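Me: I'd like a close look at one part of this model, taken strand by strand. Could you walk me through it in one go?

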Amino acid sequence: MDALAVAPLLPPVVAPLKAASSILHSPGSPPLLGCVARLAHIVWDGTVESFGTIADHLRERLGPRGAEPFATPLDGKVCIVTGGNAGIGFATARALARRGAHVVLACRDRERAQAAAEAIARTPPLPGCCGTPSPSPSPSPPAPPPPLSVEALPLDLGRMASVRAFAADWRRGGRRLDLIVCNAGVMGPPRRLETADGLEVQFQVNFLSHWLLANQLLQIEHERRQRAKAAPPPSAAAASKQLPLGATAGGAGSALPLSARAGGPHSPSPSAGLEAEGPGQEGEEEEAVRVVMVSSLTHRAGALQWGDKQSKNRYEPFLSYGLSKLANTLTARELQRRFDRSPQHRGYTAVAVHPGLVSTALANGFFTGVGTGWAADWRAPLRPLAESATECFGRLLGPLLMRTPDQSATIMLAACLGPRGAVAGRYLALGTPTRPDEYAEDEGRARELWAYAQELTGCPPALD
Ligand SMILES: NC(=O)c1ccc[n+]([C@@H]2O[C@H](COP(=O)([O-])OP(=O)(O)OC[C@H]3O[C@@H](n4cnc5c(N)ncnc54)[C@H](OP(=O)(O)O)[C@@H]3O)[C@@H](O)[C@H]2O)c1
């Protein structure tokens with residue numbers, strides 16, 4: 001039986017403890033104190049969060065329905081959500097589309113993406129968004145709401161060629177961009193897996209491909225804005241002939257079928273909204289592009305994997321996942337530092353967010369895997385007990401201790417739409433600016449990571 005068999009029964013606690021055990025048993029371990037402190041921090045944060053989640057579930061069931069947060073219309077804004085077909089990405093994409101944004105789901109599977117786009121298009125908009133009137137006591141029956149504006153485009157983050165093709169299509173379409181949510185992710189395959197590009201899968205899908213995508217799209221958007229500034233203002237007729245947002249961004253066959261898109265009458269024109277005020281921040285300087293990097297409270301564990309970024313010497317799923325999330329947290333901070341240095345990027349924002357422990361395929365799959373592995377370590381007479389404990393967590397405690405994707409979308413909205421001054425360059429844990437791990441605040445490590453990303457992708461950063 002594993003020495004960790006005495007650990008508490010919950011897989012979220014078991015995972016960090018198994019990681020600690022793996023570190024202590026491998027050569028060249030990082031300093032013990034830092035290791036214990038970081039893993040304890042994660043267990044503590046996760047436990048405190050779970051109590052908050054129980055309270056949220058109760059409030060939602062028993063209390064009155066609160067007002068929708070960040071309800072300022074986003075009509076005219078264009079947002080990309082990677083992995084927008086499922087889980088947190090789907091809920092976030094839908095929340096943005098309900099506020100009037102045109103949302104692009106960037107997904108690897110055509111059918112899943114199309115189904116998600118259709119489901120989002122059918123959702124009613126928030127009152128006052130997407131050209132719908134604000135609620136009023138008028139006696140006449142309201143007109144049926146327009147479909148939400150959403151489309152799906154192919155993007156496989158496990159292949160850099162796919163990221164480059166996505167960016168090339170975006171450039172060819174001359175499309176505008178206001179927000180990119182780098183959300184897609186994989187967590188903790190039990191064995192080390194490599195992508196088609198020969199890199200550890202979590203490192204590439206969660207971090208590196210997003211780094212490449214964000215840098216390429218930022219460059220494209222920057223050039224588009226420069227061109228728009230230099231060009232004389234288009235007449236109304238010419239503007240209406242420009243690429244409609246529901247149109248294919250690129251060559252034939254690159255986009256998903258047209259039925260996956262729904263452009264309501266509120267669909268913005270590509271140049272619309274350039275002058276628009278940033279989301280919900282009256283009086284602030286004009287909002288430009290915002291980059292949201294989805295992180296996790298497990299980013300703290302990433303420090304313990306820093307010296308072996310491809311997990312070649314030791315593969316511990318929890319640590320390699322943590323490294324990819326640490327890299328995302330560092331990327332948000334470094335991007336913001338670069339935006340702030342560049343007069344041409346005034347108003348640009350980058351932010352990292354922990355979206356909460358959320359009941360999705362990713363979290364459930366990981367915890368089930370950890371729980372099953374843990375149960376298998378017990379001696380025969382006790383094994384059924386351990387298996388029942390894992391099963392009990394999965395079925396009963398998991399949904400109680402974890403948020404729903406819609407609850408998480410509210411947290412994501414704080415990163416996507418929260419006031420720029422409060423979130424720029426920050427790590428938001430559950431919607432609140434919070435100090436991340438010291439590695440995530442280290443400029444030297446940020447530079448090291450960017451140089452490494454540049455070397456692996458061959459892409460010069462957009463802001464050098
Ligand atoms: N759930 C949590 O408790 C939690 C906590 C902290 C952070 N996060 C982070 O939140 C993000 C969303 O996770 P989730 O919980 O919503 O998980 P999810 O429901 O499993 O969604 C993951 C999404 O990523 C997509 N994806 C995976 N590999 C991809 C690839 N190679 N190319 C393009 N897309 C790919 C998936 O597409 P397919 O449907 O095609 O697989 C799916 O749309 C992740 O970055 C995760 O690390 C989650």
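Me: Let's zoom in on strand β5 (residues 290-294): which strands is β5 joined to, and which of its residues sit on each side?

Reply: Sure. Keep in mind that this is a predicted model. Start with the neighbours of β5. Strand β4 (residues 179-182) is joined to β5 by four bridges, and the two run parallel. To find your place in that pairing, look for Ile-180, which stands opposite Val-291 in β5. Strand β6 (residues 349-354) is also paired with β5, this time through five bridges, and again the strands run parallel. A handy marker here is Val-294, with Val-353 of β6 standing opposite.

Now for the side chains. In a regular strand they alternate between the two faces of the sheet. For β5, one side carries Arg-290, Val-292 and Val-294, while Val-291 and Met-293 are on the other. Both faces are covered, and every one of those residues is buried, Arg-290 included. Put as a count, five of the five residues in β5 are buried, so the strand is mostly covered, with buried meaning under 20% relative accessible area.

If you colour the view by strand, the two markers tie this together: Val-291, on the side with Met-293, stands opposite Ile-180, and Val-294, on the side with Arg-290 and Val-292, stands opposite Val-353 in β6.

Key
Residues numbered from 1 in each chain as written. Predicted model: local features only at pLDDT ≥ 70, side-chain atom pairs only at ≥ 80, totals over all residues. Heavy atoms only, no water. Buried < 20%, exposed > 50% of the residue type's maximum accessible area, 1.4 Å probe, protein only. Pairing = 2+ DSSP bridges.
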